[in-house]
2 protein chains.
Amino acid sequence: MEPKSTRKRFHVAQGAGEKQVKLSDVAALAGVSPATASRVLNRPEKVGREMRERVQAAAATLGYVRDAAARALASRRSRTIGAVVPTLDNPIFATGVQGLESRANERGYSLVVASSDYRVDKELRQATMLLERGIEGLMLMGTEHHPSLYALMKTRGVPHVNSWVNEGDAEHPCIGFDNVEAATRLTNYLLDLGHRRFAMIAGVAKGNDRAAARVEGVRAALTADGVALEEGRFIEIPYGVREGRDGLRAVLAGDPATRPTAVICGNDLLAFGAMFEAAAMGLDVPGDLSVVGFDDTELSSHIPPGLTTMHVPSVEMGKLAADYLVNRIEDQPVRHRTRVEVRLVVRGSTAPPRG
Amino acid sequence: MEPKSTRKRFHVAQGAGEKQVKLSDVAALAGVSPATASRVLNRPEKVGREMRERVQAAAATLGYVRDAAARALASRRSRTIGAVVPTLDNPIFATGVQGLESRANERGYSLVVASSDYRVDKELRQATMLLERGIEGLMLMGTEHHPSLYALMKTRGVPHVNSWVNEGDAEHPCIGFDNVEAATRLTNYLLDLGHRRFAMIAGVAKGNDRAAARVEGVRAALTADGVALEEGRFIEIPYGVREGRDGLRAVLAGDPATRPTAVICGNDLLAFGAMFEAAAMGLDVPGDLSVVGFDDTELSSHIPPGLTTMHVPSVEMGKLAADYLVNRIEDQPVRHRTRVEVRLVVRGSTAPPRG
DNA sequence: TTGTATGCGTTATCAT
DNA sequence: ATGATAACGCATACAA
């Protein structure tokens, strides 16, 4: 049941009861037309020094504050961009959003955020809400979205970027890197070290194309070298430290003699868990077991013996996404696909296998 | 110099060239008045089943999307709330924002975020921008803000909450906990363990009243027990792991015989750094040195030997802030001050001093 | 360079 | 329960 059909109307937020001071008030006080006042605020260079200062003074004394809704309605521009990310709980996304927000702000845009919980249907709902809100550009994570979402953005003519990805066949604008290739490199590094028995603790692939791509990259590299990732040596699990610990136990089960010598984790959180659990199991990292992660979060370089991982420039991607979007919105030249550099950071958690 | 006085006008985002379908189009197709169509969308219960379904069908076939700007202008309600946080880079804030966003969304509001970089002047600018954007409620971190900001919110009649704080004299609505008291408890715990020689690695107090309050709490507890925090045993440093390591070296300098037996860190990141550095220095935690943090981030429970810290319910605070704000906006009853529980989580990083 | 007049898409008031 | 119509506050043709 709904709360009651007689819904109470909410009060209109307003100090005391004084009406909002509007642009025409400012114009009146300054003794100019509203049009001129508007120009002073939006294109000051197009108005004479004299009037300009009168208007600015009037605005100041009246404490005038623009009404973005009216501006948006009249100009058909909201000066707002949107982002829907899986969650802000993962620091790597949070920093990405931070980069997006700061750059967008520098360029005069505000950011509206929403989260999808790694679910394409929720992502669609959230994006729709943002579109209603009049966002002029949209940042999404990954490339796997609800088909209706692409359609929606297209018919509304709203530019978007898929971030964290940059795959060969990308038909959509993107800013990121090739997760398959990055995972392949990471794996090859281990292969080059001499490892032949592998395990992988992957993130959940459903609703997360980056996680899936990383698995693909690992498998590809292994296969290319004729190395198998055995059934029990692969586990898919949500990102988290606890999960990494459980994951390690799972993939290391069985005869110690045939135990993997290297474990590849879907991200750093899982890798931290794996390292902690290895220690708890009395295993030496990297002596008994090499561990690699993905993301290069702040802790990775400090956690002993240091985590070998793939560095992902999340803030940079956020900033590039903002630039791409704003450039598109403002009809400035853009690159349709932008690649950022991920780089392998070798630290103490990896070494050649024993023997 | 500005880009050139002849600024190019941006294109109006719109698919192909087809005009946006508006409510009157929907109404026309459904054969009803715009007023009725509007009602169907906003208060469906106030309209007959018959017309309601006609309108809904029409909206669906036309792919109608509401225009929030027009809605906001006409209704004087933006259904948007704002948050300005120091940075999203700190996971504890990111999760707080996540809680705020999710609850706000559940209640039909969108979230616009901005960041202040721990600077009150930037916070003021950002908040002003949000106010222009028509936010109906604002979440801020801490209690220390530019006086003009309080004035602005008051004259505009926009409700706000200070989060992460709940201090005795709070004249403003807040949702959080008493940082002084929490730090005092943390310190007393160490005191009760028998520690008498302390060090503190604090966050930067300037622009961060929470950091300052934590220092105050530590000092108060120490003083109450007649224990001194010596000059060289206190350092103020930005939050970060690297900084925690440097900080530890700094506060542990000097004669090992009079070295502190316990170090209190301003947050978990600093504490992690301190623990890593202690290990690097050959010090056993907690044998030679007890370490405590603040926040209880995901890693705290996993990092060996486990970090004793003060658990801060950041997601919960975000959700409560959203509820408070939305309730205020919608004229529902609210508690002006809401306290959340922080609790001491004792783990392996603390023990009585040797001897 | 400045002013006049119109419209942006929706909600709300007041009738019916 | 439904419809006609007037705001909402601002930007922008277009005219001067």
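## How the two chains are related

In this predicted model, chain A can be laid over chain B by a rotation of 180 degrees, with 0.0 Å of shift along the axis. The RMSD of that superposition is 0.1 Å. The two copies are therefore related as by a two-fold rotation axis. The same surface serves both copies, since 99% of the contact residues of chain A recur in chain B.

## The contact between chain A and chain B

Chain A puts 68 residues into the contact, and chain B puts in 67 residues. About 6200 Å² of area is buried between chain A and chain B, and carbon and sulfur atoms give 54% of that area. The count of residue pairs in polar contact between the two chains is 22, with both residues of each pair at pLDDT 80 or more. The rule for salt bridges finds 0 across this interface.

Several elements of chain A each supply at least two residues of the side that touches chain B. Among them are the helices α5 (91-106), α6 (120-132), α7 (147-156) and α10 (241-252), along with the strand β2 (110-115). Others on the list include α11 (268-280) and α12 (314-329). The largest share of this side of chain A comes from α5(A), with 7 residues. Sorted by class, the side of chain A that touches chain B has 27 nonpolar, 19 polar and 22 charged residues.

## The surface near DNA strand C

There are 23 residues around DNA strand C, of which A:T36, A:G48, B:L23, B:S38 and B:Y64 come nearest. Of the strand C atoms that come within 4 Å of the protein, sugar and phosphate account for 69%.

Three contacts show which parts of strand C are involved. A:R39 has a polar side-chain atom 2.6 Å from a base oxygen of strand C. A:G48 instead places a backbone N or O atom 2.6 Å from a phosphate oxygen of strand C. For B:L23, a polar backbone atom is 2.4 Å from a phosphate oxygen of strand C. The elements that give two or more residues to this surface are α2 and α4 of chain A together with α2 and α4 of chain B. Of these, α4(B) gives the most, with 4 residues. By class, the surface near strand C has 11 nonpolar, 6 polar and 6 charged residues.

## The surface near DNA strand D

DNA strand D has 23 residues around it, and the nearest are A:L23, A:Y64, B:T36, B:R39 and B:G48. Of the strand D atoms within 4 Å of the protein, 68% belong to sugar or phosphate, and the rest belong to bases.

Two side chains reach phosphate oxygens of strand D. In A:K22, a side-chain N or O atom is 2.8 Å from a phosphate oxygen of strand D. In B:T36, a side-chain N or O atom is 2.5 Å from a phosphate oxygen of strand D. A base of strand D is also approached, by the backbone of A:A70: a backbone N or O atom there lies 3.5 Å from a base nitrogen.

Helices of both chains form part of this surface. α2 (34-42) and α4 (68-75) of chain A, together with α2 (34-42) and α4 (68-75) of chain B, each supply at least two residues. The surface near strand D has 11 nonpolar, 6 polar and 6 charged residues.

Technical notes: Residues numbered from 1 in each chain as written. Chains lettered and ligands numbered in written order. Predicted model: local features only at pLDDT ≥ 70, side-chain atom pairs only at ≥ 80, totals over all residues. Heavy atoms only, no water. Near = heavy atom within 4 Å. Polar contact = N/O pair within 3.5 Å; in protein donor to acceptor, adjacent residues only side chain to side chain. Nonpolar A, V, L, I, M, F, W, Y, C, P; charged D, E, K, R; others polar. Least-squares fit on C-alpha atoms with pLDDT ≥ 70 in both. Contact = heavy atoms within 4.5 Å. Buried area = accessible area lost by both parts, 1.4 Å probe. Salt bridge = Lys/Arg side-chain N within 4 Å of Asp/Glu carboxyl O.
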